[in-house]
Amino acid sequence: MAGVGAVAIGGGMGPAFAEDRTLVINTNIGGEGQRKLMAQFIEEFTKETGIKVQQNAMDHEGYKTAIRNFLVANPPDVCLWFSGDRMRAFVNRGLFDDISDLWAKEGWADKVGALTTTVTVDGKQYGVPTGASFWGIWARKDHLDKYAGGKAPETWEELIVFGDKMVADGISPFAIGTKDLWPTAAWFDYLNLRINGYDFHMQLMAGEASYEDPKLDAVFDKWQELIDKKFFIPNHTSYDWQGAVPFLLQGKAGMYLMGQFLTRNIPPADLDKYTYLQFPVIDAAVPTAEEFPVDSMHIPSGAKNKDLARQFLTFFYQPERLALWVEPEGNIPTRSDVPALKKDWLLEKGQAILKSAKSASQYYDRDTDPDMAQIGMNGFQQFMSDPSSRKQVQARLEQARKRIYKKS
(Lines give C-alpha, C1' and ligand atoms only; values in the text may rest on other atoms or scores of the structure.)
Protein backbone atom coordinates (compact mmCIF):
# COMPACT_ATOMS: atom_id res chain seq x y z
CA MET A 1 0.00 0.00 0.00
CA ALA A 2 1.47 3.38 -1.02
CA GLY A 3 2.51 5.65 1.77
CA VAL A 4 2.72 2.90 4.37
CA GLY A 5 5.73 2.32 6.55
CA ALA A 6 5.59 -0.79 8.72
CA VAL A 7 7.43 -0.64 12.00
CA ALA A 8 7.51 -3.93 13.86
CA ILE A 9 8.53 -3.78 17.50
CA GLY A 10 8.80 -7.04 19.35
CA GLY A 11 9.52 -8.11 22.89
CA GLY A 12 11.84 -10.70 24.23
CA MET A 13 10.73 -13.19 26.85
CA GLY A 14 7.08 -12.17 27.31
CA PRO A 15 4.13 -13.66 29.14
CA ALA A 16 2.75 -16.89 27.76
CA PHE A 17 -0.60 -15.32 26.87
CA ALA A 18 1.02 -13.33 24.08
CA GLU A 19 1.22 -16.60 22.09
CA ASP A 20 3.60 -14.95 19.60
CA ARG A 21 0.69 -13.07 18.05
CA THR A 22 1.35 -9.62 16.57
CA LEU A 23 -0.87 -6.65 17.33
CA VAL A 24 -1.35 -4.54 14.18
CA ILE A 25 -1.99 -0.80 14.52
CA ASN A 26 -2.75 1.51 11.57
CA THR A 27 -1.94 5.19 12.20
CA ASN A 28 -2.26 8.54 10.43
CA ILE A 29 -0.07 10.67 12.68
CA GLY A 30 1.01 13.94 11.09
CA GLY A 31 3.20 15.51 13.76
CA GLU A 32 6.70 14.32 14.63
CA GLY A 33 6.03 14.62 18.37
CA GLN A 34 3.16 12.17 18.34
CA ARG A 35 4.98 9.83 15.96
CA LYS A 36 7.80 9.56 18.50
CA LEU A 37 5.30 9.06 21.33
CA MET A 38 3.49 6.26 19.51
CA ALA A 39 6.82 4.49 18.97
CA GLN A 40 7.62 5.00 22.65
CA PHE A 41 4.23 3.70 23.81
CA ILE A 42 4.52 0.66 21.55
CA GLU A 43 7.94 -0.11 22.94
CA GLU A 44 6.68 0.24 26.51
CA PHE A 45 3.63 -1.88 25.77
CA THR A 46 5.75 -4.66 24.31
CA LYS A 47 8.16 -4.54 27.23
CA GLU A 48 5.30 -4.70 29.73
CA THR A 49 3.21 -7.40 28.03
CA GLY A 50 5.52 -9.29 25.68
CA ILE A 51 3.09 -8.60 22.83
CA LYS A 52 4.71 -7.84 19.48
CA VAL A 53 3.37 -4.78 17.67
CA GLN A 54 3.42 -3.79 14.01
CA GLN A 55 2.58 -0.17 13.26
CA ASN A 56 1.51 0.71 9.71
CA ALA A 57 2.20 4.45 9.59
CA MET A 58 0.36 6.11 6.71
CA ASP A 59 0.25 9.57 5.19
CA HIS A 60 -2.51 11.60 6.88
CA GLU A 61 -4.40 12.51 3.69
CA GLY A 62 -3.95 9.12 2.04
CA TYR A 63 -5.23 7.42 5.18
CA LYS A 64 -8.67 8.98 4.67
CA THR A 65 -9.05 6.93 1.51
CA ALA A 66 -7.12 3.86 2.66
CA ILE A 67 -9.28 3.24 5.71
CA ARG A 68 -12.33 2.58 3.56
CA ASN A 69 -10.42 -0.30 2.00
CA PHE A 70 -8.41 -1.78 4.85
CA LEU A 71 -11.36 -1.96 7.28
CA VAL A 72 -13.00 -4.33 4.80
CA ALA A 73 -10.13 -6.12 3.08
CA ASN A 74 -7.40 -6.28 5.72
CA PRO A 75 -8.47 -4.79 9.06
CA PRO A 76 -5.80 -4.07 11.67
CA ASP A 77 -6.40 -4.70 15.37
CA VAL A 78 -6.37 -1.00 16.29
CA CYS A 79 -6.71 2.10 14.14
CA LEU A 80 -6.76 5.85 14.60
CA TRP A 81 -9.67 7.82 13.19
CA PHE A 82 -12.07 10.69 13.88
CA SER A 83 -15.19 10.91 16.03
CA GLY A 84 -18.57 12.24 14.92
CA ASP A 85 -20.14 11.12 11.65
CA ARG A 86 -16.74 9.94 10.36
CA MET A 87 -16.89 7.24 13.05
CA ARG A 88 -20.64 6.72 12.82
CA ALA A 89 -20.43 5.93 9.10
CA PHE A 90 -18.19 2.93 9.85
CA VAL A 91 -20.26 1.89 12.86
CA ASN A 92 -23.38 1.82 10.68
CA ARG A 93 -21.55 -0.46 8.25
CA GLY A 94 -20.54 -2.78 11.09
CA LEU A 95 -16.83 -2.01 10.73
CA PHE A 96 -16.02 -0.79 14.27
CA ASP A 97 -16.33 -2.97 17.37
CA ASP A 98 -18.60 -2.16 20.30
CA ILE A 99 -16.35 -1.64 23.35
CA SER A 100 -19.05 -0.51 25.80
CA ASP A 101 -18.07 -3.28 28.21
CA LEU A 102 -14.49 -1.95 28.27
CA TRP A 103 -15.81 1.54 29.01
CA ALA A 104 -17.85 0.16 31.89
CA LYS A 105 -14.97 -1.91 33.24
CA GLU A 106 -12.53 1.03 33.18
CA GLY A 107 -15.07 3.63 34.35
CA TRP A 108 -14.18 5.92 31.45
CA ALA A 109 -17.58 7.67 31.22
CA ASP A 110 -17.01 9.37 34.57
CA LYS A 111 -13.66 10.69 33.37
CA VAL A 112 -14.57 11.60 29.80
CA GLY A 113 -17.91 13.25 30.60
CA ALA A 114 -19.68 15.07 27.77
CA LEU A 115 -17.15 13.95 25.17
CA THR A 116 -18.41 10.39 25.64
CA THR A 117 -21.06 11.30 23.06
CA THR A 118 -18.40 11.75 20.38
CA VAL A 119 -17.76 7.98 20.27
CA THR A 120 -21.30 6.86 21.13
CA VAL A 121 -23.92 5.50 18.73
CA ASP A 122 -27.30 4.35 20.08
CA GLY A 123 -25.95 4.32 23.63
CA LYS A 124 -22.90 2.18 22.82
CA GLN A 125 -19.25 3.20 22.67
CA TYR A 126 -17.15 2.34 19.62
CA GLY A 127 -13.80 3.90 20.49
CA VAL A 128 -11.99 6.25 22.85
CA PRO A 129 -11.59 10.00 22.21
CA THR A 130 -7.86 10.68 22.31
CA GLY A 131 -7.64 14.45 21.96
CA ALA A 132 -9.73 17.48 21.05
CA SER A 133 -8.51 20.26 18.81
CA PHE A 134 -10.12 23.66 18.52
CA TRP A 135 -10.58 26.28 15.84
CA GLY A 136 -10.33 30.04 15.71
CA ILE A 137 -8.54 32.85 13.91
CA TRP A 138 -4.77 33.19 14.10
CA ALA A 139 -3.93 36.89 13.83
CA ARG A 140 -0.72 38.90 13.60
CA LYS A 141 -0.45 41.30 16.52
CA ASP A 142 1.34 43.93 14.42
CA HIS A 143 -1.55 44.05 11.93
CA LEU A 144 -4.07 44.21 14.76
CA ASP A 145 -2.16 47.12 16.26
CA LYS A 146 -1.83 48.99 12.98
CA TYR A 147 -5.28 48.44 11.49
CA ALA A 148 -7.53 47.84 14.51
CA GLY A 149 -5.86 49.74 17.33
CA GLY A 150 -4.91 46.43 18.94
CA LYS A 151 -8.56 45.47 19.46
CA ALA A 152 -9.68 42.08 18.23
CA PRO A 153 -12.74 42.24 15.94
CA GLU A 154 -15.64 40.77 17.90
CA THR A 155 -18.42 41.42 15.38
CA TRP A 156 -18.76 40.94 11.63
CA GLU A 157 -18.84 44.70 11.12
CA GLU A 158 -15.58 45.12 13.01
CA LEU A 159 -13.99 42.33 10.98
CA ILE A 160 -14.95 44.04 7.72
CA VAL A 161 -13.51 47.40 8.83
CA PHE A 162 -10.28 45.68 9.93
CA GLY A 163 -9.99 43.75 6.68
CA ASP A 164 -10.78 46.70 4.43
CA LYS A 165 -7.85 48.63 5.92
CA MET A 166 -5.47 45.76 5.19
CA VAL A 167 -6.73 45.39 1.61
CA ALA A 168 -6.13 49.12 1.08
CA ASP A 169 -2.48 48.53 2.03
CA GLY A 170 -2.12 45.54 -0.32
CA ILE A 171 -2.46 42.91 2.41
CA SER A 172 -4.84 39.93 2.20
CA PRO A 173 -6.85 39.76 5.43
CA PHE A 174 -6.96 35.94 5.31
CA ALA A 175 -4.55 33.23 4.25
CA ILE A 176 -6.17 30.01 3.05
CA GLY A 177 -5.03 27.02 1.00
CA THR A 178 -7.94 25.34 -0.77
CA LYS A 179 -5.96 22.77 -2.72
CA ASP A 180 -6.68 20.43 0.22
CA LEU A 181 -10.41 21.33 0.05
CA TRP A 182 -11.08 20.93 3.78
CA PRO A 183 -9.97 24.46 4.83
CA THR A 184 -13.00 25.80 2.93
CA ALA A 185 -15.28 23.84 5.26
CA ALA A 186 -14.25 25.93 8.27
CA TRP A 187 -15.67 28.99 6.59
CA PHE A 188 -18.94 27.30 5.71
CA ASP A 189 -19.28 25.85 9.21
CA TYR A 190 -18.58 29.05 11.10
CA LEU A 191 -20.76 31.22 8.89
CA ASN A 192 -23.65 28.77 9.20
CA LEU A 193 -23.15 28.33 12.95
CA ARG A 194 -23.02 32.08 13.52
CA ILE A 195 -25.99 32.89 11.25
CA ASN A 196 -28.35 29.91 11.57
CA GLY A 197 -27.17 28.30 14.79
CA TYR A 198 -26.04 24.86 15.92
CA ASP A 199 -29.39 23.03 15.58
CA PHE A 200 -29.91 23.93 11.93
CA HIS A 201 -26.25 23.25 11.16
CA MET A 202 -26.46 19.75 12.60
CA GLN A 203 -29.74 19.10 10.78
CA LEU A 204 -27.94 19.98 7.56
CA MET A 205 -25.02 17.73 8.51
CA ALA A 206 -27.43 14.85 9.15
CA GLY A 207 -29.07 15.29 5.74
CA GLU A 208 -32.29 16.58 7.31
CA ALA A 209 -32.15 20.08 5.80
CA SER A 210 -31.72 21.24 2.21
CA TYR A 211 -28.64 22.89 0.75
CA GLU A 212 -31.10 25.10 -1.13
CA ASP A 213 -32.85 26.18 2.07
CA PRO A 214 -33.30 29.99 2.06
CA LYS A 215 -31.52 30.05 5.43
CA LEU A 216 -28.26 29.42 3.57
CA ASP A 217 -28.66 32.54 1.42
CA ALA A 218 -27.21 34.68 4.22
CA VAL A 219 -24.30 32.24 4.64
CA PHE A 220 -23.24 32.52 1.02
CA ASP A 221 -23.96 36.27 1.03
CA LYS A 222 -21.48 36.87 3.87
CA TRP A 223 -18.93 34.52 2.31
CA GLN A 224 -19.24 36.25 -1.06
CA GLU A 225 -18.83 39.62 0.63
CA LEU A 226 -15.35 38.53 1.75
CA ILE A 227 -14.49 37.13 -1.68
CA ASP A 228 -15.64 40.27 -3.50
CA LYS A 229 -13.65 42.44 -1.11
CA LYS A 230 -10.53 40.34 -1.84
CA PHE A 231 -10.20 39.18 1.75
CA PHE A 232 -8.50 35.91 0.73
CA ILE A 233 -5.02 35.44 -0.74
CA PRO A 234 -4.93 35.23 -4.55
CA ASN A 235 -4.63 31.83 -6.28
CA HIS A 236 -5.54 29.98 -3.08
CA THR A 237 -6.37 26.82 -5.04
CA SER A 238 -2.64 26.51 -5.78
CA TYR A 239 -1.76 26.02 -2.10
CA ASP A 240 -2.48 23.28 0.39
CA TRP A 241 -3.14 24.46 3.93
CA GLN A 242 0.52 24.48 4.87
CA GLY A 243 1.53 26.16 1.62
CA ALA A 244 -0.59 29.16 2.57
CA VAL A 245 1.12 29.62 5.95
CA PRO A 246 4.05 31.71 4.58
CA PHE A 247 1.58 34.45 3.62
CA LEU A 248 0.82 34.83 7.32
CA LEU A 249 4.43 34.47 8.44
CA GLN A 250 5.62 37.10 5.95
CA GLY A 251 2.85 39.56 6.80
CA LYS A 252 1.26 39.30 3.36
CA ALA A 253 -1.87 38.07 5.15
CA GLY A 254 -3.15 39.22 8.52
CA MET A 255 -5.14 36.22 9.69
CA TYR A 256 -5.77 32.51 9.15
CA LEU A 257 -8.93 30.64 10.15
CA MET A 258 -7.35 27.38 11.26
CA GLY A 259 -7.08 24.90 14.10
CA GLN A 260 -4.64 25.41 16.92
CA PHE A 261 -2.36 22.82 15.26
CA LEU A 262 -1.05 25.66 13.08
CA THR A 263 1.28 26.28 16.00
CA ARG A 264 3.68 23.67 14.64
CA ASN A 265 4.04 25.68 11.41
CA ILE A 266 5.10 28.86 13.22
CA PRO A 267 8.72 29.14 14.41
CA PRO A 268 8.67 28.89 18.22
CA ALA A 269 10.60 32.15 18.54
CA ASP A 270 7.85 33.95 16.57
CA LEU A 271 4.80 32.64 18.43
CA ASP A 272 4.56 35.77 20.56
CA LYS A 273 3.87 37.73 17.37
CA TYR A 274 0.45 36.11 17.09
CA THR A 275 -2.79 35.92 19.00
CA TYR A 276 -5.82 33.67 18.67
CA LEU A 277 -9.29 35.11 18.12
CA GLN A 278 -12.79 33.75 18.46
CA PHE A 279 -14.77 33.84 15.20
CA PRO A 280 -16.78 37.08 15.27
CA VAL A 281 -20.45 37.30 16.17
CA ILE A 282 -22.75 37.84 13.18
CA ASP A 283 -26.14 37.63 14.89
CA ALA A 284 -26.09 38.33 18.63
CA ALA A 285 -29.33 36.38 19.04
CA VAL A 286 -27.67 33.13 17.89
CA PRO A 287 -26.00 31.12 20.71
CA THR A 288 -22.27 30.71 20.14
CA ALA A 289 -21.06 27.35 18.81
CA GLU A 290 -17.46 26.36 18.13
CA GLU A 291 -15.59 23.80 16.05
CA PHE A 292 -14.25 21.16 18.44
CA PRO A 293 -12.98 18.14 16.43
CA VAL A 294 -12.15 15.00 18.40
CA ASP A 295 -9.68 12.31 17.31
CA SER A 296 -10.27 8.76 18.43
CA MET A 297 -8.91 5.22 18.57
CA HIS A 298 -10.93 2.16 17.52
CA ILE A 299 -10.94 -1.61 17.23
CA PRO A 300 -12.15 -2.76 13.78
CA SER A 301 -14.86 -5.43 13.83
CA GLY A 302 -12.69 -7.65 11.65
CA ALA A 303 -9.64 -7.43 13.91
CA LYS A 304 -7.90 -10.77 14.45
CA ASN A 305 -6.62 -9.97 17.95
CA LYS A 306 -9.39 -8.08 19.73
CA ASP A 307 -8.21 -9.16 23.16
CA LEU A 308 -4.75 -7.71 22.50
CA ALA A 309 -6.34 -4.59 21.03
CA ARG A 310 -8.33 -4.04 24.23
CA GLN A 311 -5.16 -4.40 26.24
CA PHE A 312 -3.52 -1.72 24.13
CA LEU A 313 -6.46 0.69 24.42
CA THR A 314 -6.44 0.30 28.18
CA PHE A 315 -2.66 0.78 28.27
CA PHE A 316 -2.80 3.85 26.00
CA TYR A 317 -5.75 5.53 27.71
CA GLN A 318 -4.10 6.08 31.06
CA PRO A 319 -4.03 9.74 32.25
CA GLU A 320 -0.24 10.00 32.22
CA ARG A 321 0.07 8.76 28.62
CA LEU A 322 -2.86 10.84 27.41
CA ALA A 323 -1.21 13.93 28.90
CA LEU A 324 1.91 13.20 26.86
CA TRP A 325 -0.12 12.38 23.75
CA VAL A 326 -2.04 15.67 23.47
CA GLU A 327 0.90 17.92 24.38
CA PRO A 328 2.76 18.05 21.00
CA GLU A 329 -0.36 19.11 19.09
CA GLY A 330 -1.59 21.47 21.80
CA ASN A 331 -4.85 19.53 21.98
CA ILE A 332 -7.27 19.53 24.86
CA PRO A 333 -7.19 16.22 26.76
CA THR A 334 -10.38 14.18 26.72
CA ARG A 335 -10.12 12.93 30.30
CA SER A 336 -10.79 15.24 33.23
CA ASP A 337 -8.05 13.58 35.31
CA VAL A 338 -5.23 14.28 32.84
CA PRO A 339 -2.48 16.37 34.44
CA ALA A 340 -1.39 19.56 32.67
CA LEU A 341 2.24 19.27 31.56
CA LYS A 342 2.93 22.98 31.16
CA LYS A 343 1.33 26.42 31.07
CA ASP A 344 0.27 27.17 27.49
CA TRP A 345 -1.41 30.45 26.45
CA LEU A 346 -2.90 28.91 23.30
CA LEU A 347 -4.41 25.97 25.17
CA GLU A 348 -5.78 28.35 27.79
CA LYS A 349 -7.27 30.50 25.01
CA GLY A 350 -8.86 27.45 23.41
CA GLN A 351 -10.30 26.30 26.71
CA ALA A 352 -11.72 29.78 27.33
CA ILE A 353 -13.33 29.85 23.87
CA LEU A 354 -14.83 26.42 24.37
CA LYS A 355 -16.02 27.28 27.86
CA SER A 356 -17.93 30.23 26.40
CA ALA A 357 -19.54 28.06 23.72
CA LYS A 358 -23.09 26.83 24.13
CA SER A 359 -22.41 23.88 21.84
CA ALA A 360 -19.64 22.36 19.72
CA SER A 361 -19.53 20.82 16.27
CA GLN A 362 -16.92 18.34 15.08
CA TYR A 363 -16.11 19.90 11.68
CA TYR A 364 -17.86 19.62 8.32
CA ASP A 365 -16.02 16.54 7.07
CA ARG A 366 -16.55 14.79 10.41
CA ASP A 367 -20.16 15.79 11.05
CA THR A 368 -21.63 14.75 7.72
CA ASP A 369 -21.49 11.61 5.56
CA PRO A 370 -17.98 11.16 4.02
CA ASP A 371 -19.34 11.16 0.46
CA MET A 372 -21.42 14.24 1.17
CA ALA A 373 -18.40 15.91 2.73
CA GLN A 374 -16.24 15.32 -0.34
CA ILE A 375 -18.87 16.70 -2.70
CA GLY A 376 -19.57 19.60 -0.34
CA MET A 377 -15.95 20.67 -0.01
CA ASN A 378 -15.41 20.45 -3.76
CA GLY A 379 -18.41 22.74 -4.09
CA PHE A 380 -17.08 25.19 -1.51
CA GLN A 381 -13.76 25.37 -3.34
CA GLN A 382 -15.55 26.03 -6.63
CA PHE A 383 -17.63 28.78 -5.01
CA MET A 384 -14.56 30.47 -3.54
CA SER A 385 -12.90 30.40 -6.96
CA ASP A 386 -16.02 31.48 -8.84
CA PRO A 387 -18.79 33.04 -6.71
CA SER A 388 -21.07 33.16 -9.76
CA SER A 389 -21.32 29.36 -9.52
CA ARG A 390 -23.13 29.64 -6.18
CA LYS A 391 -26.58 28.40 -7.24
CA GLN A 392 -25.03 25.66 -9.36
CA VAL A 393 -22.97 24.52 -6.37
CA GLN A 394 -25.97 24.54 -4.03
CA ALA A 395 -28.03 22.55 -6.54
CA ARG A 396 -25.27 19.95 -6.88
CA LEU A 397 -24.93 19.64 -3.10
CA GLU A 398 -28.68 19.27 -2.72
CA GLN A 399 -28.79 16.57 -5.39
CA ALA A 400 -26.01 14.72 -3.54
CA ARG A 401 -27.83 15.09 -0.21
CA LYS A 402 -31.02 13.55 -1.65
CA ARG A 403 -29.06 10.66 -3.15
CA ILE A 404 -26.88 9.95 -0.12
CA TYR A 405 -29.54 10.35 2.54
CA LYS A 406 -32.41 9.24 0.29
CA LYS A 407 -34.55 12.14 1.50
CA SER A 408 -36.71 14.53 -0.49
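This short report walks through the overall build of the protein and then its nonpolar core.

## The big picture

Keep in mind as you look around that this is a predicted model. The fold is built from 16 helices and 14 strands. If you drew a box around the C-alpha atoms along the principal axes, you'd need roughly 70 × 55 × 40 Å.

How does the radius of gyration fit with a compact globule? For 408 residues, such a globule would come out near 22 Å, and the protein has 22 Å, so the two agree.

## Inside and outside

Of the 408 residues, 56% count as buried. The chain also brings together stretches that lie apart in sequence: among contacts with a separation of 6 or more, 76% are between residues 24 or more positions apart.

On the outside, the accessible surface adds up to about 17100 Å², and carbon and sulfur atoms account for 50% of that. As for charge, the protein carries 46 positive and 53 negative charges, and the mean positions of these two sets sit 1 Å apart.

## The nonpolar core

Now for the interior. The largest nonpolar core takes in 130 residues, and the ones with the most contacts inside it are Leu23, Trp138, Phe188, Trp223, Tyr256 and Tyr364. Which element gives this core its largest share? That's helix H8 (residues 182–205), which supplies eleven residues.

Try zooming in on Phe188, one of those well-connected core residues. Leaving out neighbours within four places in sequence, Phe188 touches a whole list of partners, including His201, Leu204, Met205, Tyr211 and Leu216. Trp223 and Tyr364, also on the list of core residues with the most contacts, are among the partners of Phe188 too.

Definitions and conventions: Residues numbered from 1 in each chain as written. Predicted model: local features only at pLDDT ≥ 70, side-chain atom pairs only at ≥ 80, totals over all residues. Heavy atoms only, no water. Helix = DSSP H or I, 4+ residues; strand = E, 2+ residues; numbered from the N terminus. Rg over C-alpha atoms; globule rule 2.2 N^0.38 Å. Buried < 20%, exposed > 50% of the residue type's maximum accessible area, 1.4 Å probe, protein only. Contact = heavy atoms within 4.5 Å. Areas by Shrake-Rupley, 256 points an atom, 1.4 Å probe, with all protein chains shown as cover. Lys, Arg positive; Asp, Glu negative; His and termini not counted. Charge placed at Lys NZ, Arg CZ, Asp CG, Glu CD. Core = buried A, V, L, I, M, F, W, Y, C linked by side-chain atoms within 4.5 Å.
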